[in-house]
Amino acid sequence: MTKTNPLVSVIIPNYCHSRFLDLRIQTVLNQTYKNLEIIILDDCSPDNGASRLIIEKYRNNPLVSHIIYNEVNSGNTFLQWKKGIELCKGEIIWIAESDDFCECNMLEELIKAFFKYKDNVIAFTSYRLADENGPIKYKLFNDMMIKFQSLFIGTRYFSSREFNVKRQLLGNNIANASTAIFSREAYSKIEKNFVNYRSAGDYLFWTELSKYGSVVKIYKYLSYFRRHSDVVTSKSDANGMNFAANKEIMLEIKDRYKISSIRWKLAITHQKFRISKTSFYNKEISLQTISLWGDNKIAIFYKMLHKIYFYFVRVLDYYI
């Protein structure tokens, strides 16, 4: 893989994000890293042509290699990911979600981190949350943690095993695809089962990719993850789909690596805590989801361990 100035393929998959799309495309075009090709996909957005109007502004931009409009909605963002990746020419791929945005130096920082270790297959950065109106103002404690991590942690390297056993076992550690770049070569090796998931496909995607090399994280807040009423994840929590998919993926990780009993029970405890904080659509879904993990009881020891553990995660992003 080319270490100097590799071509980066940027996929922008859009569905009804016309109000955010111009900013997304502009923050890609304004990157300080310039060796790009941009692939814009629209999944048959029913917005009276609003998305198309914005996309067509960029048709003649020399960095835009493909603009594709689906005639029928795919119903699955991960099918769009796969479609975009199959068009990529770059060695490195960035899926820049259409409602997110980022700092102009994000890609440059990620490329540097990616090639710092020879076996990297993923590099990702920390992010701040945003809503329909822009960046969200954080509470004082959260803001202090952001500044602390940015100043004192820098970057961290994780072996394939460490990333999966310590981080992915507890859930998707790359919660926002827009923060990450990855190797096209590594992608070519994975099974494409992630397209079979409605919303947890990204969890499986990063888990499968990280089987083939190491992962590096930059503790700089270079990306903005927009959370709004259209987000699929919260809906998939409410209908129980995410929890069912999470268990499947967690069991795959458990089968692939030798995981201690205490670590597995901690992972289950974390899921039970998440379930306890979720507002399901109805009681039947709630009971079905709880039954996936045996029951909703949490032993005192694991309750305390979970509390201590996630203090370290929250403050230091440290997974024991």
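In this tour, a residue is called buried when its relative accessible area is under 20%, exposed when over 50%, and partly exposed in between (1.4 Å probe, protein chains only). The structure is a predicted model, in which local features need pLDDT of at least 70 and side-chain atom pairs count only at pLDDT 80 or more, while totals for chains, interfaces and linings use all residues. Residues are numbered from 1 along each chain as its sequence is written, and side-chain values use heavy atoms, with hydrogens and water left out.

**Stop 1: C16**

Select C16, in the loop between β1 (8-14) and α1 (18-29). Helices (H or I, at least four residues) and strands (E, at least two) are DSSP runs, numbered from the N terminus. C16 counts as partly exposed because its relative accessibility is 26%. Although C16 is not a glycine, its phi is positive, at about 60 degrees.

**Stop 2: E71**

Move next to the loop between β3 (64-69) and α3 (77-87), where E71 is found. E71 has a relative accessible area of 78% and is therefore exposed. Display C44 as well: E71 and C44 are 27 residues apart along the chain, and their C-alpha atoms are separated by 5.8 Å.

**Stop 3: helix α4**

Select residues 106-114, which form helix α4. Seven of the nine residues of α4 are buried, so this helix is largely enclosed by the rest of the structure. The buried residues to colour are M106, L107, E109, L110, I111, A113 and F114.

**Stop 4: the nonpolar cores**

A nonpolar core is a set of buried Ala, Val, Leu, Ile, Met, Phe, Trp, Tyr and Cys residues joined through side-chain atoms within 4.5 Å. Which residues have the most contacts inside the largest nonpolar core? They are I122, F182, Y187, F194, F205, W206 and L209, in a core of 56 residues. Centre the view on I122 and show its contacts, where contact means heavy atoms within 4.5 Å. Leaving aside neighbours within four places in sequence, I122 touches F114, I174, A180, I181, F182, W206, L209, S210, S214, V215 and V216. A second, separate core has 33 residues, including V28, L29, Y69 and I92.

**Stop 5: helix α6**

Select residues 160-167, helix α6, and pick out S160, F163, N164, V165 and R167, which are buried. The buried residues of α6 pack against β6 (120-131), β8 (155-158), α8, β10 (214-226), α10 and α11.

**Stop 6: α8 against α10**

Two packed helices are described by the angle between their axes and the distance between the axes. Axes are lines fitted to C-alpha atoms, for helices over the stretch in contact, and angles run from 0 to 180 degrees between N-to-C directions. Angles under 35 degrees count as roughly parallel, over 145 as roughly antiparallel, 65 to 115 as roughly perpendicular and the rest as oblique.

Select α8 (residues 201-209) and α10 (residues 241-256), which pack at an angle of about 15 degrees with their axes 10 Å apart. The two helices α8 and α10 are therefore roughly parallel. Show Y203, L204, T207 and E208 in α8, which meet N246, I249, M250, E252, I253 and R256 in α10. The residues of this contact comprise five nonpolar, two polar and three charged. Here Ala, Val, Leu, Ile, Met, Phe, Trp, Tyr, Cys and Pro count as nonpolar, Asp, Glu, Lys and Arg as charged, and the others, Gly among them, as polar.

**Stop 7: α10 against α11**

Keep α10 and add α11 (residues 261-276); the pair packs at an angle of about 170 degrees, with axes 12 Å apart. Accordingly, α10 and α11 are roughly antiparallel to each other. From α10, F243, N246, M250, L251 and K254 meet W264, A267, Q271, R274 and I275 of α11. This contact of α10 with α11 has six nonpolar, two polar and two charged residues.

**Stop 8: α11 against α13**

Add α13 (residues 300-316), which packs with α11 at an angle of about 85 degrees, the axes being 10 Å apart. Helices α11 and α13 are therefore roughly perpendicular. In α11, I262, R263, K265, L266, T269, H270 and F273 meet F301, Y302, K303, L305, H306, Y309 and F310 in α13.

**Stop 9: on either side of α13**

K297 lies in the loop between α12 (283-292) and α13. With a relative accessible area of 64%, K297 is exposed. K297 and T269 are 28 residues apart in sequence and 9.0 Å apart in space, C-alpha to C-alpha. Finish at D317, in the segment after α13. D317 is buried, with a relative accessible area of 9%, and has a positive phi of about 50 degrees although it is not a glycine.
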